[in-house]
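Biologist: I am new to this structure and would like to begin with one part of it, looked at closely, before moving outward to its surroundings. Could you choose a residue, say where it sits, and then lead me from there through the rest?

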Amino acid sequence: NQDTKMDSGAAYVFVREGSSWMQRAYIKASNSEEQDHFGMRVAISANTIAASAPDEDSSASGVQGNQQDNSAVNSGSVYIYRSMNTSWEQRAYIKASNTEQVDNFGASLALHGDTLVVGAPKESSNATGVNGNQNSNTASDSGAAYVFVENAGTWSQQAYLKASNTGAEDRFGRSVAIHGNAILVGAHEEDSNATGFLGADAMDNSSSNAGAAYLYARDPQSSEWSFGAYVKATNSGMNDRLGWSVAITADAIAAAAYTEGSDATGIGGAQDNDNMPNSGAIYVTDFIALP
């Protein structure tokens with residue numbers, strides 16, 4: 001069969017029955033269009049699937065908006081599906097609350113229970129922290145992350161997350177991870193020369209593309225999000241790109257710097273050289289007190 005919508009994208013659901021795997025569903029966007037790249041990112045939790053199309057073009061904002069107005073090129077979107085017995089159905093069409101062209105909302109995804117996190121690494125507001133001003137596009141490609149929650153089958157936005165030291169071209173939201181009431185967001189082109197778990201000077205941008213990660217916590221009682229920690233590599237260096245990918249559990253976080261250049265091997269090796277360019281590294285911080 002000839003493809004009539006090139007690079008529109010698709011997702012496939014497989015289930016295990018005994019020792020065998022079977023395809024259960026073939027999923028397309030409800031507004032499938034060429035070059036939307038639906039399925040670029042997927043996440044699953046229990047019987048819910050999130051799939052993103054970071055190059056989708058509608059100008060809608062929020063949840064269940066108009067999917068057909070393609071006037072915001074590459075703004076991006078996310079689609080939520082829920083299994084009903086043996087079938088799947090779409091439950092939500094999700095856009096940023098401040099949809100703009102080329103924000104690439106959906107470039108990263110994380111789903112845990114009833115909470116969804118979506119990264120938009122080319123979003124451009126100069127806001128910092130949680131729920132700042134979304135509409136001042138003076139920090140090009142600084143990036144943002146958005147938190148959505150489901151309540152009684154309805155999805156809504158709960159928070160708008162920015163870096164504590166928002167800067168142009170930092171690409172905050174390149175990666176996201178969630179566990180319970182904690183979110184970790186990577187900004188792989190952040191430029192400060194700070195080092196360690198609580199980097200000393202977030203505003204000294206003398207280490208181009210060193211990268212960073214940012215930790216946020218949700219109060220279980222009020223459901224309000226707050227900024228928790230600014231995370232840098234212990235050997236932060238130019239072009240290491242910490243935050244290209246991130247992960248989080250109840251008592252640890254991990255952030256990858258895929259272009260870090262030391263020649264160390266194994267765990268805890270010597271970090272103080274660049275003898276093996278682009279070899280990459282992963283940094284783990286454990287025993288973090290999370291909600």
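Modeller: Let us begin with Met40, which is found in the loop between β2 and β3, and keep in mind throughout that we are looking at a predicted model. Met40 has a relative accessibility of 40% and therefore counts as partly exposed, since that class covers values between the limit for buried, under 20%, and the limit for exposed, over 50%. To place this residue in space, you can take Val149 as a reference point: the two residues are 109 apart along the chain, and their C-alpha atoms are separated by 21 Å.

The loop that holds Met40 has another residue worth a look, for His37 also lies between β2 and β3, the latter spanning 41-45. The backbone at His37 has a positive phi of about 60°, although this residue is not a glycine. With a relative accessible area of 24%, His37 is partly exposed. A positive phi of about 60° is found at Asn209 too, again a residue that is not a glycine. Asn209 belongs to the loop between β12 (182-187) and β13 (212-218), and because its relative accessibility is 14%, Asn209 counts as buried.

Going back from the loop into β2, we come to a feature of the surface. Tyr12, Phe14, Trp21 and Tyr26 together make a nonpolar surface patch of about 530 Å², and the elements that give two or more residues to this patch are β1 (11-17) and β2 (20-27). Among its members, Tyr12 has its place in strand β1 and, at 47% relative accessibility, counts as partly exposed.

From this patch we can turn to charged side chains, where a search of the whole structure finds eight salt bridges. One of them brings together the side chains of Lys95 and Glu56, with 2.6 Å from N to O. Lys95 is in the loop between β6 (87-94) and β7 (108-112), while Glu56 is in the loop between β4 (48-53) and β5 (77-84), so this pair ties together parts that lie 39 residues apart in sequence. Lys95 and Glu56 are both buried.

A salt bridge also joins Glu89 to Arg91, the closest N and O atoms being 2.8 Å apart. Here Glu89 counts as partly exposed at 36% relative accessibility, and Arg91, with a relative accessible area of 25%, is partly exposed as well.

Further along the chain, Glu169 forms a salt bridge with Arg171, and the closest N and O atoms of this pair are 3.5 Å apart. Glu169 is partly exposed, having a relative accessible area of 35%, whereas Arg171 has 18% and is buried. Salt bridges that share partners join Asp141 to Glu169 and Arg171, which gives one network.

Another residue to note is Asn165, which lies in the loop between β10 (154-161) and β11 (172-179). Asn165 counts as buried because its relative accessibility is 6%. If you look from Asn165 to Asp219, the two are 54 residues apart in sequence and, from C-alpha to C-alpha, 22 Å apart in space.

Having followed side chains and loops, we can end with empty space. Rolling a probe the size of a water molecule over the atoms shows where such space is left. The largest pocket has a volume of about 480 Å³, and 26 residues line it, with Thr234, Gln271, Ala281, Ile282 and Tyr283 lying nearest its centre. The elements that give two or more residues to this lining are β16 (252-257) and β17 (281-286), and β17 provides the largest share, five residues. Sorted by class, the lining of the largest pocket holds 13 nonpolar, eleven polar and two charged residues.

Note on methods. Residues are numbered from 1 along each chain as its sequence is written. This is a predicted model: local features need pLDDT of at least 70, side-chain atom pairs count only at pLDDT 80 or more; totals for chains, interfaces and linings use all residues. Side-chain values use heavy atoms; hydrogens and water are left out. Patches are made of residues with over 30% relative accessible area and no salt bridge: like charges are joined within 9 Å, nonpolar side chains (Val, Leu, Ile, Met, Phe, Trp, Tyr) within 5 Å. Accessible areas come from the Shrake-Rupley method with a 1.4 Å probe; for residues, only the protein chains shown count as cover. A salt bridge is a side-chain nitrogen of Lys or Arg within 4 Å of a carboxyl oxygen of Asp or Glu. Helices (H or I, at least four residues) and strands (E, at least two) are DSSP runs, numbered from the N terminus. Buried means under 20% relative accessible area, exposed over 50%, partly exposed in between (1.4 Å probe, protein chains only). On a 1 Å grid over the protein atoms alone, a cavity is a set of points where a 1.4 Å probe fits but cannot get out, and a pocket is an open set with protein on both sides within 12 Å along at least five of seven lines; lining residues have an atom within 4 Å of a point. Grid points are joined across faces, edges and corners, and a volume is the space filled by probe spheres set on the points. Ala, Val, Leu, Ile, Met, Phe, Trp, Tyr, Cys and Pro count as nonpolar, Asp, Glu, Lys and Arg as charged, and the others, Gly among them, as polar.
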